[in-house]
Amino acid sequence: PSLAEGEICATIEIKINSFKPVSGGEVACTPRIVTRGRSVATLESRLFVGETLVAQANGNYAIFTPQGRQRG
């Protein structure tokens with residue numbers, strides 16, 4: 001599930017937990033859609049350096065189609 005053509009999203013709420021400082025290496029983010037309804041989506045993202053989890057974010061996002069745009 002993702003945004004359809006013409007849809008956009010806006011952050012309702014986001015919480016970020018930092019577990020370890022990052023002083024080097026490549027940071028990789030693995031996002032996941034937890035739930036997605038017609039008007040709200042909940043996502044989770046985890047940031048890793050190698051195999052080490054360094055941060056996690058959880059957020060809720062409003063999904064809408066601005067006036068003047070149509071869904072495709």
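**An open four-stranded sheet and its salt bridges**

Let me begin with the fold: four strands (DSSP E runs of at least two residues, numbered from the N terminus) form an open sheet in the order β1-β4-β3-β2, with antiparallel pairing, where two strands count as paired if DSSP finds at least two bridges between them. The strands β1 (8-18) and β2 (27-36) stand at the edges with a single partner strand each, so one side of each is left without a neighbour in the sheet. From one strand to the next the twist averages 20 degrees, the axes being lines fitted to C-alpha atoms and the angles running from 0 to 180 degrees between N-to-C directions.

This is a predicted model, in which local features need pLDDT of at least 70 and side-chain atom pairs count only at pLDDT 80 or more, while totals for chains, interfaces and linings use all residues. Residues are numbered from 1 along each chain as its sequence is written, and side-chain values use heavy atoms, with hydrogens and water left out.

Staying with the sheet, β3 (residues 40-49) and β4 (residues 52-64) pair in the antiparallel sense over ten bridges, and E44 stands opposite N58 in β4.

Which residues share a network of salt bridges? They are R32, E44 and R46, a salt bridge being a side-chain nitrogen of Lys or Arg within 4 Å of a carboxyl oxygen of Asp or Glu. The side chains of R32 and E44 meet at 3.6 Å, N to O, and this pair links strand β2 with strand β3, the two residues being twelve apart in the chain. E44 also forms a salt bridge with R46, where the closest N and O atoms are again 3.6 Å apart. E44 counts as buried at 14% relative accessibility, whereas R32, at 45%, is partly exposed, as is R46 at 31%; here buried means under 20% relative accessible area, exposed over 50%, and partly exposed in between, with a 1.4 Å probe and protein chains only.

The whole structure holds three salt bridges, and among them is the one between E7 and R36, at 2.7 Å, N to O. E7 lies in the segment before β1 and R36 in strand β2, 29 residues apart; E7 is buried at 8% relative accessibility, while R36, at 28%, is partly exposed.

Finally, the cysteines: with a disulfide taken as a pair of cysteine sulfur atoms within 2.5 Å, the count comes to zero. For C9, the nearest cysteine sulfur is that of C29, 14 Å away.
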